[in-house]
Amino acid sequence: MSRVLVIGAGGVATVAIKKMAMNSDIFNDVMVASRTKEKCDKIVGSIKGCNYKTAQIDADDEEALTKLMSEYKPELVVNLALPYQDLTIMNACLRTGASYLDTANYEPRDRAHFEYSYQWKYKDSFEKAGLTAILGCGFDPGVTSIFTAYAAKHVFDEIQYLDIVDCNAGNHHKAFATNFNPEINIREITQKGLYWENGKWIETEPLSIHKTLNYPNIGPKESYLLHHEELESLVKNYPTIKRGRFWMTFGQEYLTHLRVIQDIGMASIVPINYNGQEIVPLQFLKAVLPNPQDLGKNYDGETSIGCRMRGLKDGKEHTYYIYNNCKHQDAYNETGMQGVSYTTGVPAMIGAMMYLLGTWKRPGVWNVEEFDPDPFMSQLNKQGLPWHEILDGDIEFEK
Ligand code: NDP
């Protein structure tokens, strides 16, 4: 019997839990714990015949986590709360002998900056304890990293150029909304851009580099260079990469709203005093924006996320594009959530499955590209995220 504790009850967790229940031969003993227990009860209650347990937990509180985990004794903890909780959950895993999986790297609350160093520091402790930590197992990071590992294993002897392209061509029919936690999303997008070239990181002004790219089944979309966390581990694990970049599409309407939000100070993470109470403007903004979990119903269109690569095989240069397209309405019909929660929650469930089956069980702290991509890739096709590949097509990027 494999016992799994899922932490968080947002859009991503909802999808992961529903997909776990669809694979109940593997996920037969699951507890869902989050800050608001009613949300856990609501998810479990919406799954017919589901016997998953629920609990209240503040995952910022390491002692409370340790107590809950000592009682429930999970073999694996799937962290689908927010990046702020990564380290307290990893600490509690070490204290209680549980393995760990997440979809986003640690971020300190008071500094909008993400890097893996905080979590890579746990490598020795997890290894000594005989526990596995799987980092970044959503879509990006996650599937994009696994696509890269698949290309390195089957397509290239040497990957030299990597462009990760993330397009959301969906329409939720709201004036402004984010597709996952607004606070985390806006912190990410308003950061400076960063890409890897010839052995060093190059910083750019936020959203200053952009280019029109054509996406399969969608067409041309303006795509903006961003810093994205998987680049950090990919250029380390594939040192032949000469240039690694990440691109995401945004519509003009979204960018105009974002600029206004920043100009009026609502994207700030510096606490202010309002009528005797300390508030963080961005957290207040999150409270008034649409909840990403409620966007699914009227969301049409689709996402297209993939990797465009150039490299060498047997001394000859090739290009390779591997991607998944996901329709928001298909995601909603299956799980009640929109495509961005779906494309993150499904890989989190598959990563947990890989661990429980023993395929991805290896003491230490690992980014997903460090495991065998093949069994994960075959599950993507079975679990609702089929992928497609184009060899030697036009990847729209020069060397
Ligand atoms: P949501 O905001 O919808 O959900 C977050 C959940 O975590 C909520 O249920 C929230 O509780 C709970 N939570 C927050 N703080 C705590 C705490 N201290 N203790 C216990 N529970 C807590 O976010 P999403 O579902 O959209 O995103 C979840 C994660 O997935 C995020 O880390 C995000 O960065 C990541 N992500 C990764 C992607 C990828 O491709 N790799 C893409 C998209 C998201 P409450 O309901 O009470 O607020």
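**Exercise 1. Orientation of α7 and α9**

Task: In this predicted model, decide how helix α7 and helix α9 are oriented to each other.

Solution.
Step 1. Locate the helices: α7 covers residues 143–154 and α9 covers residues 230–237.
Step 2. Read off the geometry. The two helices pack at an angle of about 20°, and their axes are 10 Å apart.
Step 3. Apply the cut-off: angles under 35 degrees count as roughly parallel. Therefore α7 and α9 are roughly parallel to each other.
Step 4. Add the handedness: the crossing of α7 and α9 is right-handed.
Step 5. List the residues that meet. From α7 come T144, S145 and T148, and from α9 come E230, S233 and L234. By class, this contact has 1 nonpolar, 4 polar and 1 charged residues.

**Exercise 2. Orientation of α3 and α4**

Task: Find the orientation of helix α3 and helix α4, and name the residues through which they meet.

Solution.
Step 1. Helix α3 spans residues 62–72, and helix α4 spans residues 86–96.
Step 2. Their packing angle is about 40°, with a distance of 9 Å between the axes.
Step 3. An angle of about 40° is not under 35 degrees, over 145 or within 65 to 115, so the rest category, oblique, applies. Therefore α3 and α4 are oblique to each other.
Step 4. The crossing of these two helices, α3 and α4, is right-handed.
Step 5. On the α3 side the residues are E62, L65, T66, M69 and S70; on the α4 side they are T88, I89, N91, A92, R95 and T96. The contact of α3 with α4 has 4 nonpolar, 5 polar and 2 charged residues.

**Exercise 3. Orientation of α8 and α11**

Task: Describe the packing of helix α8 and helix α11.

Solution.
Step 1. Helix α8 (residues 182–189) packs against helix α11 (residues 281–288) at an angle of about 125°, with the axes 9 Å apart.
Step 2. Therefore α8 and α11 are oblique to each other. Their crossing is right-handed.
Step 3. P182, E183 and I186 of α8 meet L282, Q283, L285 and K286 of α11. This contact of α8 with α11 divides into 4 nonpolar, 1 polar and 2 charged residues.

**Exercise 4. Domains and ligand**

Task: State where the ligand lies with respect to domain 1 and domain 2.

Solution.
Step 1. Divide the protein chain: domain 1 is 3–135, and domain 2 is 143–336 + 386–391.
Step 2. Relate the domains. Their centres, taken over C-alpha atoms, are separated by 24 Å. In the contact, 14 residues of domain 1 face 13 residues of domain 2. The side of domain 1 that touches domain 2 has 7 nonpolar, 4 polar and 3 charged residues.
Step 3. Look at the shell. The ligand is surrounded by 34 residues, and the closest are G10, V12, A59, G138 and F180. The elements giving two or more residues to this shell are α1 (11–22) and α13 (339–356). By class, the shell has 16 nonpolar, 13 polar and 5 charged residues.
Step 4. Both domain 1 and domain 2 give residues to the shell, so the ligand lies between them.

**Exercise 5. Backbone exceptions**

Task: Explain what is unusual about the bond joining D140 and P141 and about the phi of D314.

Solution.
Step 1. Recall the general case: most residues other than glycine have a negative phi, and most peptide bonds are trans.
Step 2. The peptide bond joining D140 and P141 is cis, with omega about 10°. P141 sits in the loop between β6 (132–135) and α7.
Step 3. D314 is not a glycine, yet its phi is positive, about 50°. D314 is placed in the loop between β15 (302–313) and β16 (316–327).

Key: Residues are numbered from 1 along each chain as its sequence is written. This is a predicted model: local features need pLDDT of at least 70, side-chain atom pairs count only at pLDDT 80 or more; totals for chains, interfaces and linings use all residues. Axes are lines fitted to C-alpha atoms, for helices over the stretch in contact, and angles run from 0 to 180 degrees between N-to-C directions. Helices (H or I, at least four residues) and strands (E, at least two) are DSSP runs, numbered from the N terminus. A crossing is left-handed if the near helix is turned anticlockwise from the far one by less than a right angle, and right-handed if clockwise. Two residues are in contact if their C-beta atoms, placed from the backbone, lie within 7 Å. Ala, Val, Leu, Ile, Met, Phe, Trp, Tyr, Cys and Pro count as nonpolar, Asp, Glu, Lys and Arg as charged, and the others, Gly among them, as polar. A residue is near a molecule or strand if its C-beta atom, placed from the backbone, lies within 6 Å of it. Domain bounds come from an automatic or database domain assignment.
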